[in-house]
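Student: Could you take me through the disulfides of this protein, one by one where you can? I'd like the geometry of the links and the surroundings of the cysteines.

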Amino acid sequence: MPFLTMLATTVLTAGVVGPAAADPVADPAQTRYSLVDGCYRIDTPAGPLVPAAGPYRLHATGLGEYLLYGRHREVLAATGGAIAPAKNPSDAAVWTVNGSGASGFVLTNGATSTPATFVADTGCADYPEAQIGAHGTPGPSVAADGSVIGTIDAHAHITAYEFMGGNFHCGRPWHRFGAPYALPDCAQYRTGTNGLVASFLDHGEPFHDSDTVGWPSFRDWPKPSVLTAEGAYWTSIERSWKAGLRVLTVDLVDNESLCTMMTDRRNPCDDMVSVRLQADSLRALQDYIDARAGGPGQGFFRIVTDPAEARRVAASGKLAVVLGMELSDPLDCGVVLGQAQCTRADVDRWLTELRAIGVSSFFPVHKFDNAFGGTKMYHDVTGLLVNAGNFMQTGTFWNVQSCPGPEHDSTQISVPIAGHINQFLAGLTGPLLGGAPLPLYAAGPHCNARGLTELGAYLINRMIDHGFLIEIDHLSEATADEVMTIIEERRYPGVLSSHGWDSAKTTERVYAVGGFATPYAGGPAGFVQAWREARAMPRPGGDFGFGFGSDMNGIAGQGAPLGTGIVAYPFVSHDGRVTFDRERWGDRTFDINTDGTATYGTYADWLEAVRVLGGPEIMTDLFHGAEVYLRLWEQVR
């Protein structure tokens, strides 16, 4: 059936009565992108489009693509030769708009297409969406001397929904059909070993009864202790941006061995394949935010690949998003039974490709030992699980020794506690470990004896040659000591400790060489103390700016509820332009006093708590943090 005939039939059968609508008047200022979130009657040559279901809220699913959300809270879909309301969104309900108000619009759905005019109307339903609870718009973020005014989160995992096979982390920071689909019931992610590992990480036991439902109730997640569910939905990032966040490092993250433990996967267990996938996903998020803001380049979220671009974005008042990388086998450089799985030529090839992908900083070592050096190790119960992964990936467990000096790596569980936990882990990892029992260690403190390898030294020098920012966290004390020696000898300031996974001695050396250190955010009181300690450390030139590493979505606990009413709502942003009330996801309202930093949006509230506890001096340093980071980056690129 020709589309216009089908459309006319649909209009008639939808219950249109009385005279046809008057000739519509086009708005020449409209673009295919500016229609977003507007309320419209949609007129076509055959008459108004299914008027019994309209008017329609245009919910952007992508750039120039929309759901037509009717007043009865249904979407308009084209299926089986008919156009009719549908209860749930689907591909059949996604409409593409081309053209403009001045030249005329064309509305397309699959093989169907018609001229259309969007006439402003009233009475539309609101499409379900998370509410940021912030009113006002940030302005340009530049001081009289040209320096950027804003905070920096140097360590977050916005794309973690793709890691460990893609079906482990529950939820995602965006979905073209909005929050109800991005923040779903987690039951679908809790099957097989996926569920066992998630329960172990979230609750400390393999089987824990909890309410997995996400939108709209969110009874048991998100919260600071739930490590495997989404906390950084895009509106939460927007809330923190409105509170002053101007630089955000998104670390692309994965772990091949932990991935292979998952019985339910949609992505391959290959770290570097995952990096490409996550970089593409982050750019898709940028496009989605642009679509929701009114067109290309209009969103607050801007991916940057060099310091000049980052400075322009941050100074304009938007969020400069830097790509980092945190993998156990970066550059496909694992180690098996002591033998490196890559060469110097592989290192050079991958560094060139990372530049093409847009990565500006990365960790030479993460959770496992690799061809470059040793890991700092995880502690307690998590350490046992990760040590099992180290065995699966390298063929050996960590070489845990007594520490030669006061600095140490993470202390491992020792006899007899480990024996009880081993019994459970044997059932989970036994087949993967070939029957090898997990090792039991003498009392700590413990150090990983593996240090920087010859290939690792080559990597560090080549990272310096290429102007990469070197992440020093997660390196064993032995590895970190040798890496810092190279950095000091070459007088290279491009070194970061982005979330406090180093020792105090290493942090001092980072500052001394002109690098940048941001502790793990955690609770506001602990963060204020970390700021005081950092401020006392010597640094070249005396210039000091501070930041934090949220590690959101990184299998890392967040700040606990304050419990004392430290933050009073509403409160005002540091620049005085934005007023904050509580963030809301569906039926759930978040209050940092009772919920802690449950979402990335509550980092706006966390910042207010830091202000209350630390006073104006810490706020001055925090809002100078983005500038100090940019100056460092400019020195090495």
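Tutor: Happy to; here is a walk along the disulfides, with a word on confidence to start. This is a predicted model, with an average pLDDT of 91 and 92% of the residues scoring at least 70. The exception to keep in mind is residues 1-19, where pLDDT stays under 50. Where pLDDT is low, the predicted coordinates should not be read in detail.

The count comes to 5 disulfides, and with the bonded cysteines numbered in sequence order the pairing reads 1-2, 3-4, 5-6, 7-8, 9-10. Let's look at three of them.

Cys39 is joined to Cys124, with 2.0 Å from S to S. This pair links distant parts of the chain, 85 residues apart: Cys39 lies in strand β1, and Cys124 in the loop between β9 and β10. The angle about the S-S bond is 85°, a right-handed link. Cys39 has a relative accessible area of 12%, so it is buried; Cys124, at 14%, is buried because the cut-off is under 20%.

Next comes the disulfide from Cys170 to Cys186, again with an S to S distance of 2.0 Å. Here 16 residues separate the partners, with Cys170 in the loop between β11 and α2 and Cys186 in the loop between α2 and α3. The torsion about their S-S bond is about -90°, so this disulfide is left-handed. Cys170 is buried at 0% relative accessibility, and Cys186 is buried at 3%.

Finally, the sulfur atoms of Cys333 and Cys342 sit 2.0 Å apart in a disulfide. Its 120° about the S-S bond makes the link right-handed, and both Cys333 and Cys342 are buried.

Definitions and conventions: Residues are numbered from 1 along each chain as its sequence is written. This is a predicted model: local features need pLDDT of at least 70, side-chain atom pairs count only at pLDDT 80 or more; totals for chains, interfaces and linings use all residues. Side-chain values use heavy atoms; hydrogens and water are left out. pLDDT is the predictor's confidence in each residue, from 0 to 100. Contact means heavy atoms within 4.5 Å. A disulfide is a pair of cysteine sulfur atoms within 2.5 Å. Helices (H or I, at least four residues) and strands (E, at least two) are DSSP runs, numbered from the N terminus. Buried means under 20% relative accessible area, exposed over 50%, partly exposed in between (1.4 Å probe, protein chains only).
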